[in-house]
Every structure is written in structure tokens, then in C-alpha cells.
Amino acid sequence: MWTFLLGPVLSLLPQRLRKSLPFCRDVNWVPATTLSGLAEVALAIFATLLWYDYSMTTWVSRGVDSALAGKMGPGVNDQAIGFTAYVIWATHPLTWCLGYFSFEGTVRLCGAAFGDTILGTLPLFLLDKIFTKLFLPAAPNTSDSQFSERNLSSLIGAIWERILAARTPEVADELSATKNDTEEILEIRACRRKPDWTPPRVVRYDGNYYRLESCSRTGTPSRPFLYTLRRLPVGVPGRSVLLYSP
């Protein structure tokens, strides 16, 4: 109930204030923030369209009246008046403000939907920082807030992976093994990120056990994810072992 009734509104608050709410744990913040970001984008675009219709109608009408009264000099036509009205609208502070909230809503929507990152609105975040600095000098450091570099990096990475998945066709994994006197390394190049494949998980493949050493991105367009595994001399089946069947 809290998620869909108050969650979209409360997700606009800074992280410090959200965590202080008594029902904070009862809210599923990911769908609440997704709805909030979607509503912010929709309202900002709708307000922009209304503002454009009102401003262009008003300023063009005033320009035509001034031209007919002879206040704008000779040679002024309808196109010049319309272009001037558009330039005034495009450079107006309200236009920029509505454009910002359209951008912020898009970032909040993508952050929640693709990166499970809960982002509040920047104006409330700045007000909370000012209030904390002025009236709560001994308050704990809030550097891990929603606009931290770590969360932003995670958000950008999640969105970029979704873009890669949309642009990259599904193809079979490419495997290559190298051996020497002491060890065997298995490299797997995949077109999609493999869930739960985080080092140092153990992977079972073709009856053998491997320890996942690293996961990185390569420059290969068709298979951008590279997994490097080291073969283990022995292994034991278990729930934590990842079963790989290419």
C-alpha cells in the first residue's frame, strides 16, 4: 500500500529523510521511484507543451499588434515575429526549469528501472544539505547519498549494459583454453552478462571445476563480456557451484 500510495511522492526526498520515516522498510522503493520518475517526466513534458502554447500565442499576438501599430519599423513579417517569440521561449528560465525536470525524471526513472538506484530530486537534496550544514553541524556525513559517485557509476554501467544487450544479437559463447605445466585457464566470451557469475565463484563445466578469476568487458562487438576461469584440481558438487552448459 505504501509503495503505490505515498512511495512515488516520498521517493523525491533525500536518502537521509527517507530512512528516517517510520514505514521506510514497508516501501518497495524501486517501483515507487520508477513511477515517480515516469510521472515527473510526463508532468514536465505536459507543462512544457502548455507553456509553449501560451507563450507563443501571447508573444506572437503582442508582436503582431506592435507591428500593426508601427512600433517595430518597416519590413517586419510574420516569420520574423514567430522566430523572435520562439527565441524568447527557448531562452526563458521557466523553459530551462521544465527541461531540467524532464531530464531529472528520466534519470530517476532509468536509475530505478535499470540500476535499482533510488534517486531523489536535486532541489530537495540541496535544501537538505544546506539545512544539515547550518543546523546540524555534528550530523553524520551523508557523502553516501543518492547522488554519490558510486551510485552514479553503477547507474551508468547498468544502463550501458542494457544498451549493449539491445544492440548485440544473441550468439553462442566462445571458449578458449590455454594450458601449461602447472595450470589451465579457460576464457569464455559471451554476448550477455551471466547472472551470479562473480569472482571467486566455482563453475562446473564438462565434468571439471573452475574458479572464476575475473569478469571484464572486451572490445569485441558480438561478445563484449569476458570471463576468465582457472581449473581446480578437485571439486565438490554443491548449491554454490555454478553449472555451465554453453
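The expected span of a helix is 1.5 Å times one less than its number of residues. The exercises below apply to a predicted model.

**Exercise 1.** Determine what span helix H7 (residues 122-135) should have, and how far apart its end C-alpha atoms are.

*Solution.* Step 1: helix H7 has 14 residues, and at 1.5 Å a residue these should span 20 Å. Step 2: the end C-alpha atoms of H7 are 20 Å apart, which agrees with the expectation.

**Exercise 2.** Establish which residues of H7 are buried, and which are exposed.

*Solution.* Step 1: buried means under 20% relative accessible area, and exposed means over 50%. Step 2: Phe125, Asp128 and Thr132 are the buried residues of H7. Step 3: these residues cover an arc of only 65° around the axis, so they lie on the same side of H7. Step 4: an α-helix has 3.6 residues a turn, so residues three or four places apart point the same way. Step 5: the buried residues of H7 pack against helix H3 (15-19). Step 6: on the other side of H7, the exposed residues are Leu127, Lys133, Leu134 and Phe135.

**Exercise 3.** Explain why strand E2 (residues 184-190) is largely enclosed by the rest of the structure, and identify its pairing with strands E1 and E5.

*Solution.* Step 1: of the 7 residues of E2, 5 are buried, and therefore the strand is largely enclosed. Step 2: E2 pairs with strand E1 (residues 174-179) in the antiparallel sense over 6 bridges; Lys179 has Glu184 in E2 as its bridge partner. Step 3: a hairpin of 4 residues connects E1 to E2. Step 4: E2 also runs antiparallel to strand E5 (residues 225-231), joined by 6 bridges; here Arg189 has Leu226 in E5 as its bridge partner.

Notes: Residues numbered from 1 in each chain as written. Predicted model: local features only at pLDDT ≥ 70, side-chain atom pairs only at ≥ 80, totals over all residues. Heavy atoms only, no water. Buried < 20%, exposed > 50% of the residue type's maximum accessible area, 1.4 Å probe, protein only. Helix = DSSP H or I, 4+ residues; strand = E, 2+ residues; numbered from the N terminus. Pairing = 2+ DSSP bridges. Arc of directions from axis to C-beta. Contact = heavy atoms within 4.5 Å.
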